[in-house]
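Student: I am new to this structure and would love a close look at one part of it. Could you pick a place where two elements meet and walk me through it?

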Amino acid sequence: MKQQYGQILVTPKPFVKWAGGKRQLIPTLNQNLPDSFGTYFEPFLGGGALLFHMLTERNGQKCSISDLNSDLVLSYITIRDRIDGLITSLKSHERNYQKDSKSYYYSVRKSNPRSAIEKTSRLLFLNRTCFNGLYRVNSKGKFNVPLGKYTNPNIVNEENLRAVSSILQASKVSIKCRDFEAVLSDAKKGDLVYFDPPYQPVSTTANFTSYTNKNFSFDDLNRLAELCNNLDAKGCKVLLSNSDSDDVSELFSKKSWKVSKIQANRSINSDSKKRTGHFELLIKNY
Ligand SMILES: C[S@@+](CC[C@H](N)C(=O)[O-])C[C@H]1O[C@@H](n2cnc3c(N)ncnc32)[C@H](O)[C@@H]1O
């Protein structure tokens, strides 16, 4: 469903650039969706590339989305409920950035606003202007990415934000901040759960996992594999993305899991020469 914005019809897209974002893989993921399903669950939401595809292509699709990153979850809620105030706040960031980008960027990075609108506009502003456009926090949960090298970043991106706001308002989407395991009590037989967790490192230099101040550990991967087996036993349809690592292949070696290797591009890597094609796994039980 496209959203009307002035005279233009805009297709809502992810409003943040997110490490591991799935925009480039949408055609492959789409081909791997089941023909029919009940509620769509996405418990590692991030930028929500597949969510926006669902909402655009399947009018009236019931969705339940969640993530452990509370600032990110707040952004979805604020965009849905307080879009006018958010646009005004982003326009103010844009004006200040144009006066002195470096000092303004670091003052915003240091700030700790309290209101939902200011917290969300800070996240969006930093995401648009930081190095490589990624969200990364240190062990104390503080955003720690330096200023990026952009001449004219699109800080407000009003058309897309309004399109996202309209589609979230018009759709049946429940938005929660929680750990992925909570999906077990909500998902019912016939529902679809898509898991896109922080990936298991395939090498010691490939371990970007800091979306929150808690890293995604090997124990978390084990919890996830057990959860997938429990959802399978409940009759849920499960689709999972992960890296092409031995740990993942081993945990999903039972015959209920169909594992395929797919080609993907890694878009966030501080070394642009390493942003090359690679293989990853797509795992499903249907
Ligand atoms: C690979 S990203 C998802 C990317 C998303 N599919 C997209 O298209 O942008 C993984 C997400 O999992 C979230 N996360 C990490 N640990 C989690 C946990 N224990 N429970 C729920 N979400 C978690 C991170 O905050 C991050 O947003």
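Tutor: Here is a look at one helix pair and at the loop that leads into one of its partners. Please keep in mind that this is a predicted model.

Let us start with helix 3, which covers residues 70-81, and helix 7, which covers residues 158-170. Their axes come within 7 Å and cross at roughly 90°. Angles of 65 to 115 degrees count as roughly perpendicular, and helix 3 and helix 7 are therefore roughly perpendicular to each other. On the helix 3 side, the contact is made by Tyr76, Ile79 and Arg80. Helix 7 brings Leu161, Val164, Ser165, Leu168 and Gln169 to the contact. Sorted by character, the residues of this contact are five nonpolar, two polar and one charged.

Now follow the chain to the loop between helix 6 (116-129) and helix 7, where you will find asparagine 132. Its phi is near 70°, a positive value in a residue other than glycine. Is this asparagine buried or exposed, judging by the C-beta atoms within 10 Å? Asparagine 132 has 17 other C-beta atoms within that distance, so it is partly exposed, since a buried residue would need 20 or more and an exposed one 12 or fewer.

Asparagine 157 is also found in the loop between helix 6 and helix 7. Here phi is near 45°, again a positive value in a residue other than glycine. With 17 other C-beta atoms within 10 Å, asparagine 157 is partly exposed.

Methods:
Residues are numbered from 1 along each chain as its sequence is written. This is a predicted model: local features need pLDDT of at least 70, side-chain atom pairs count only at pLDDT 80 or more; totals for chains, interfaces and linings use all residues. Axes are lines fitted to C-alpha atoms, for helices over the stretch in contact, and angles run from 0 to 180 degrees between N-to-C directions. Helices (H or I, at least four residues) and strands (E, at least two) are DSSP runs, numbered from the N terminus. Angles under 35 degrees count as roughly parallel, over 145 as roughly antiparallel, 65 to 115 as roughly perpendicular and the rest as oblique. Two residues are in contact if their C-beta atoms, placed from the backbone, lie within 7 Å. Ala, Val, Leu, Ile, Met, Phe, Trp, Tyr, Cys and Pro count as nonpolar, Asp, Glu, Lys and Arg as charged, and the others, Gly among them, as polar.
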